[in-house]
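Open the model in your viewer and keep the selection panel to hand. The stops below run through one chain, then the contact, then the other chain.

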Amino acid sequence: MATDLEFKRGAIELLVLKTLSWGPMHGYAIARWIQDTTDDALRVEEGSLYPALHRLEDKGAIEASWGLSENNRQAKFYTLTPRGRQALRAEIDDWTRYAAAIAKVISATRQPA
Amino acid sequence: MSDEPLWRRYRRFLRPDPRRDVDDEIAFHLQMRIDEYERSGHSSTDAREEAMRRFGNVNAVLDECHDIGRHRAERGRRRWRWQSFGQDVRVGLRGLASNRGFALGVILTMAIGIGANAAVFSVAYGVLLRPLPYRDPDALVRLWTRNVPRAVEFFSVSPADFREWRSQNRVFSAMAAYDRQRDVALRRGGEPEVVQAARVSPDIFSLLGTEALLGRRLTGDDARPGAPETAVLGYYLWQTRFGSDSAIVGRQVSLDGATVTIVGVMPPRFTIPGTSALVWQPMSIDTAPADHANRYLRVLGRLAPGVTLERARADLEVITARLAREHPASNEGWTINMLMVSESIVGTQFRRAVLVLVGVVAFVLLIACANAANLQLARATARRREMALRAALGASRGRIVTQLLTESALLSMIAGAVGVGLAYGGIILLRKVGDTTVPRLDDVQLDAPVLLFSIVVALGCSLLFGLVPALQASRADVGEILKEGGRSGDTGRGGRRIRSALVVAEIALSLMLLVGAGLLLRSFARLQAVDVGFDPRGAMVVPLQAPEGSSKEPEQMAGFYNDVLARARALPGVADAAVVSSAPFAGPNTGLSFVRPDRPVDPGLLPDADFRVITPGYLRSLRIPLHQGRDFSASDRAGSPQVALISHAMARRYWPNENPIGSSVRTGDAAKGTVYTIVGVVGDVRYQSLDTPEMRPMLYLTADQAPRRTMSLLLRTTNTSSLAVALRGVVSAVDPSLPPPSMFEIEQLIRGTMAARRFALVLLAIFAGTALVLAVVGIYSVMAYAVRQQTRELGIRVALGAPRRSLLAGVVGRAARLAAMGVVLGALGAIMLTDSLSGLLFGVEPTDPRTFVGVALLLATVAVAASLFPAWSAMRADPMVALHRSD
């Protein structure tokens, strides 16, 4: 269960970083972008996005500032920092290697000896 | 579109609020979702429900986000605090570097104050506070007998009494006894050497609770009759005489001719309280004499848990009262006396001297702080514009005070480091001043407690001298100062009043110290002028001991000393020689009870007198005057009529208005004691101390009639250059088995009795001098500063025709007023405080008017003199320069 939680946290943080790599966004926009890109397949609880955002801000991977949203409301915008960009690259590498390894296992044709 | 009031949009410009931020952010998210669902046709209730469902547990998310935010804010605050502290330090260092004169002044002043405190604290700690090297040393007690009717406060204990105390008390968990140390000849092949040894009851080691460093401690078996002779060595002796030889355990040495096996070595710093012996041999208490009057033991006890000294005293008093009833002849009038071991090691005089010094250096430190505060105030005035500018730019008052205090702390820490260096030198100086006469001085060092103390003192001082100037500076009226246009005025009436108060305080504190030093100086002079009753110049003492075995043959002992005497008299550089049982200032006191056979008294009320056994020629050698009758002569031998000399004090007290010559006196037992005929009355001689007010009665017996094994050779010398070697020859010619003798100058020994006073005097004089210099610097700087501040005013007055002399009088007059106030306050303080010196004074009242007046005049003169230079420069004020000055 703990590993599961860790896994989900890691996944959300990766998604957030990737989303922000397109440019500054507020939390709702990030949620929408993830929803649209994954065809709502992940079905993340939107609430869990915010602790992830704040943790990333705390780590210095993203920065926040208040600004006006597209419909002219006060919204908190997040921007990727250089450190965050670096973290994103590392995470992507990890995930790719991990996914490739899993893919190899499930597409295996030989039965274990 | 939004029910958010407009002002809330700008709220964040005023102050960040992480909690509100989180709430707003999540509200925004939900609102966006709701809007979206509404746009796609949901009813508003549906839309809200759907949005909430999609979001999950709102409260849990809020909590988690608030937590993250709180931690973040805390870290940020901490970081900010460190950053601002670092900034203060940097700004402070830069400020000090740009104002080196000021920094140097404060650092030097404070270093002197802190250094003096560190040095004296290290002495106080080493001598008074450092725990003794025993298990639970606070439970250790030394016990004596006491006889109030005979004015005997601390006397030895008889083994018979000791056995009763030990078996019947209910307050001590252990009790042990030991002998007075004696000189023994230690030989391990080669030349014998004199060392001090003591017999101890073996359980004393377990009582003290110290384990042996090598081998083992003494045990009860070692004291059993017929057991092989054993001994334990002290660390110092083992190190110096045995070269720290770890194979010493089990080896045999010769002690006074007897073969003794060394069974152990005790650790460093271990001694048995009350004896300077460094070799301990076992003694059996159970086989010791049963005579209650034979008092020769020293006694230690360990209090049982929870027992106070008072209770122990009460318990022992019950036992001594019973002993007095059971054995009136020996125990009538004898009770108990006890002291904690920690108190008995360091005499009350030294304790007092050290405590006085602690107070004294605290005063020096206060004066130093006053000076530093003055310098800070002067500097703060010069920096008013800087501070005002900072305040105008938004620095809070707290921030400015913090910055100024950081500067003070920086100065203090640097001064503390320099001060510890000074203290290191100071301790070396202290060791020189105190030499061997200050107990436990080798325990004095700069170690962790002393360094910690110095740091605390330094930081405390920075508050003391930095806080007032800092508060002053931060209170300044920004507008006023900036309007003044480049000119830096005074901090105003308040600032001047504070500086004046500081000067008054400095003068008052200095006066108290100088009065103390003056009183000690006068006591010292009085003490040195005390008539000892003999001529100590060129008198030397050589402690000797007749060979082992001779004590059974009295003629042999007398013969030994006569032989040594004859040879010593023939030595070059020796004008006269004699032998005495215990020489002035060079040995223990000996006393006996006596009675006039024609005036019998109650056995319990026998008077007592000190006595010495001497050879004919003793009076001549020490130039002791013969008032009446005759000196001993060679014809007063064993077998001829028993004769005695008495001192003037004894004659006056016991033969008032009578001629004692020809009277007889019975010593010791009132019925069976020996009877002596008095043949002469001689002058009073001080044998033990200079400061006892009353002369004790003294009885002299002649060596041929009352021989003793341990005596001292007394030499009146004209030239001591090669005497030590010659004496060695004399002693080995008489008996080659004796160790080479040591030789002491009586004048030196007399000086030794003044050690505590000299120690206190020298240090107090040094510190009082330091205080005086600091006070002078303080007065000078305040006057000079005041004159500089008034340059404009003075210049205008000159321009308007004021006589220059009146300007001079104004400045000097102000200094004199401050000095007068300081002197009055200081004198009042001194009257209150000099009582604490009374134990160190001799022949001088604590309120000695001559000392007070002398010191007051000195201080007033110095204060006025310190203002002369600033006054002179005020007089020369040039109106043109003064009016154009704009700094």
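This is a predicted model. Start with chain A, where residues 24 or more positions apart account for 51% of the contacts with a separation of 6 or more. Buried residues make up 27% of the 113 residues in this chain. Colour chain A by secondary structure: 4 helices and 3 strands should appear, in the sequence pattern α-β-α-α-β-β-α.

**Stop 1: the sheet of chain A**

Select the strands of chain A. They form an open sheet of 3 strands in the order β1-β3-β2, with antiparallel pairing. The edges are β1 (25–26) and β2 (62–68) of chain A, each of which pairs on one side only. Next, select β1(A) together with β3 (residues 74–80) of chain A; 2 bridges link this antiparallel pair. Which residue of β3(A) is the bridge partner of Met25(A)? Tyr78(A) is that partner.

**Stop 2: where the chains touch**

Show both chains and select the residues in contact: 21 residues come from chain B and 16 residues from chain A. On the side of chain B, at least two residues each are supplied by α1 (6–14), α2 (18–39), α3 (44–55) and α4 (58–98) of chain B. By class, that side of chain B holds 8 nonpolar, 5 polar and 8 charged residues.

Narrow the view to helix α3 (residues 49–59) of chain A and α4(B). Their axes come within 9 Å and cross at roughly 10 degrees. Angles under 35 degrees count as roughly parallel, so α3(A) is roughly parallel to α4(B). From α3(A), select Tyr50(A), Pro51(A), His54(A), Arg55(A) and Asp58(A); from α4(B), add Val61(B), Glu64(B), Cys65(B), Ile68(B), Gly69(B) and Arg72(B), and the contact of these two helices is on screen. It divides into 5 nonpolar, 2 polar and 4 charged residues.

**Stop 3: paired strands in chain B**

Hide chain A and select β4 (residues 182–187) and β8 (residues 252–255) of chain B. These strands pair in the antiparallel sense over 2 bridges, and Leu186(B) has Leu255(B) in β8(B) as its bridge partner.

Add β9 (residues 258–265) of chain B. With β8(B) it makes an antiparallel pair over 4 bridges, in which Gln252(B) is matched with Thr261(B) as bridge partner. The hairpin of β8(B) and β9(B) has 2 residues between the strands, and Asp256(B) takes a positive phi near 50 degrees there.

Now select β7 (residues 230–233) of chain B. Is β7(B) parallel or antiparallel to β9(B)? The two run parallel and are joined by 4 bridges; Leu233(B) has Val265(B) in β9(B) as its bridge partner. Strand β10 (residues 279–282) of chain B runs antiparallel to β7(B), with 2 bridges between them, and Val232(B) stands opposite Trp280(B) of β10(B). Both faces of β7(B) are covered: Thr230(B) and Val232(B) are buried on one side, Ala231(B) and Leu233(B) on the other.

**Stop 4: three loop residues**

Select Arg269(B), in the loop between β9 and β10 of chain B. It has a positive phi of about 70 degrees although it is not a glycine. Most residues other than glycine have a negative phi. Arg269(B) counts as partly exposed because it has 16 C-beta neighbours inside 10 Å.

Go to Asp136(B), found in the loop between α5 (100–129) and β1 (140–147) of chain B. Its phi is also positive, near 40 degrees. Asp136(B) has 13 other C-beta atoms within 10 Å, so it is partly exposed.

Then pick Thr308(B), in the loop between β11 (298–303) and α9 (309–326) of chain B. Buried or exposed? Thr308(B) counts as exposed, because it has 10 C-beta neighbours inside 10 Å. Draw a C-alpha to C-alpha distance from Thr308(B) to Ala139(B): the two are 8.8 Å apart in space and 169 residues apart in sequence.

**Stop 5: nonpolar cores**

Finish with the largest nonpolar core, which has 108 residues; Ile507(B), Leu511(B), Ala760(B) and Ala771(B) have the most contacts inside it. Centre on Ala771(B). Leaving out residues up to four places away in sequence, Ala771(B) touches Phe363(B), Val364(B), Ile367(B), Leu509(B), Ser510(B) and Leu513(B). Another core, of 63 residues, lies apart from that one, and includes Ala568(B), Val574(B), Val595(B) and Tyr700(B).

Terms used. Residues are numbered from 1 along each chain as its sequence is written. Chains are lettered from A and ligands numbered from 1 in the order in which they are written. This is a predicted model: local features need pLDDT of at least 70, side-chain atom pairs count only at pLDDT 80 or more; totals for chains, interfaces and linings use all residues. A nonpolar core is a set of buried Ala, Val, Leu, Ile, Met, Phe, Trp, Tyr and Cys residues joined through C-beta atoms within 7 Å. A residue is buried if 20 or more other C-beta atoms lie within 10 Å of its own, exposed if 12 or fewer, and partly exposed in between; C-beta atoms are placed from the backbone. Two residues are in contact if their C-beta atoms, placed from the backbone, lie within 7 Å. Ala, Val, Leu, Ile, Met, Phe, Trp, Tyr, Cys and Pro count as nonpolar, Asp, Glu, Lys and Arg as charged, and the others, Gly among them, as polar. Axes are lines fitted to C-alpha atoms, for helices over the stretch in contact, and angles run from 0 to 180 degrees between N-to-C directions. Angles under 35 degrees count as roughly parallel, over 145 as roughly antiparallel, 65 to 115 as roughly perpendicular and the rest as oblique. Two strands pair if DSSP finds at least two bridges between them.
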